[in-house]
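Colleague: Could you walk me through how to read the cysteines in a model like this one?
Modeller: Happy to; let's look at it together.

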Amino acid sequence: MASPSRRLQTKPVITCLKSVLLIYTFIFWFTGVILLTVGVWGKVSLDVYFSLLNENATNVPYVLIATGAVIILLGTFGCFATCRGSTWMLKLYAMFLSIIFLIELVAAIGGLVFRHEIRNSFENNYMQALKQYNSTGEPRSQAVDTIQRTLQCCGVKSYTDWGNTSYYKTSGIPQSCCSVPNNCTDADMKDLVKAKSKVFPQGCISLVTTVMESRMGVVAGVSFGIACFQLVGMFLACCLSRYITNNQYEMV
């Protein structure tokens with residue numbers, strides 16, 4: 001049995017660790033809200049670009065949304081475990097934090113790797129979308145129109161890319177390329193020479209690459225930062241659990 005003075009020295013440490021862990025857990029819970037928000041923002045702001053990329057790319061926002069929701073639930077569990085001072089719950093909390101850490105680390109690394117694959121993937125898929133473009137409201141065709149209007153660009157590398165498409169042979173360059181709305185006649189859009197002064201001069205690939213890389217960089221950076229933050233929680237939860245166990249042992 002340990003001396004009363006030893007127990008008195010241990011209890012303030014436990015109280016201090018509980019306070020620090022509660023503060024951490026609240027911040028951790030709030031990071032879940034941030035991650036959830038970033039995932040929703042990424043889905044909304046990048047959805048039109050994801051539609052022209054491979055299917056794996058579209059999963060990134062959903063991973064962030066799911067991880068954010070799990071963190072919110074786990075943060076609530078962490079507060080309960082800390083207040084109860086249950087060693088097994090604290091250990092379970094630390095284990096869950098380690099799992100979330102690995103998930104976010106993989107998501108962050110995947111985001112960084114994906115940044116370097118954007119250009120080739122987008123260029124190939126965007127060129128394919130141009131070749132299959134139609135005015136019937138098909139999703140990929142709508143994505144092409146949205147990108148050209150939003151980023152004020154035309155074609156992949158330039159507006160002349162439209163000259164190799166079946167749509168150009170029947171209808172000319174789409175109106176989404178027109179630099180001044182309602183200022184492009186059908187005759188202008190069916191002639192590459194006349195269209196030069198009417199459409200956006202810059203191709204879309206360079207602009208899309210810049211937008212995608214910057215926004216994916218934000219997603220990856222937030223994920224990596226929050227992942228590293230989990231290490232603090234794992235350390236605090238393990239320390240508190242050990243001190244509580246030692247205090248119980250000393251009281252025997």
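Modeller: We will go through the disulfides, then the free cysteines, then one threonine.

Modeller: A word on ground rules: this is a predicted model, where local features need pLDDT of at least 70 and side-chain atom pairs count only at pLDDT 80 or more, while totals for chains, interfaces and linings use all residues. Residues are numbered from 1 along each chain as its sequence is written, and side-chain values use heavy atoms, with hydrogens and water left out.

Colleague: How many disulfides does the structure hold?
Modeller: A disulfide is a pair of cysteine sulfur atoms within 2.5 Å. The structure holds three, and with bonded cysteines counted along the chain, their pattern is 1-6, 2-3, 4-5.

Colleague: Which parts does the link of Cys153 and Cys204 tie together?
Modeller: Helices here are DSSP runs (H or I, at least four residues), numbered from the N terminus. Cys153 lies in the loop between helix 4 (139-151) and helix 5 (166-171), and Cys204 in helix 8 (residues 204-251), so the link ties together parts 51 residues apart in sequence. The S to S distance is 2.0 Å, and with 95° about the S-S bond the link is right-handed.

Colleague: Are Cys153 and Cys204 buried or exposed?
Modeller: Buried means under 20% relative accessible area, exposed over 50%, and partly exposed in between (1.4 Å probe, protein chains only). Cys153 counts as buried at 0%, and Cys204 is buried with 0%.

Colleague: What about Cys154?
Modeller: Cys154 forms a disulfide with Cys177, the sulfur atoms being 2.1 Å apart. Cys154 sits in the loop between helix 4 and helix 5 and Cys177 in the loop between helix 5 and helix 6 (186-189), so this pair connects parts 23 residues apart in sequence. Both Cys154 and Cys177 are buried.

Colleague: And what is the handedness of the link between Cys178 and Cys184?
Modeller: The torsion about its S-S bond is about 90°, so this disulfide is right-handed. The sulfur atoms of Cys178 and Cys184 are 2.0 Å apart.

Colleague: Why is Cys79 not bonded to Cys83?
Modeller: The sulfur of Cys83 is the closest cysteine sulfur to that of Cys79, but at 6.4 Å it is too far for a bond. Cys79 counts as partly exposed because its relative accessibility is 27%.

Colleague: Where does Thr37 lie?
Modeller: Thr37 is in helix 1 (residues 4-50). A polar atom of the Thr37 side chain lies 2.7 Å from the backbone oxygen of Val33. With 48% relative accessibility, Thr37 counts as partly exposed.

Terms used: Helices (H or I, at least four residues) and strands (E, at least two) are DSSP runs, numbered from the N terminus. A polar contact is a pair of N or O atoms within 3.5 Å; within protein, one must be able to donate a hydrogen and the other to accept it, and residues adjacent in sequence count only if both atoms are side-chain atoms.
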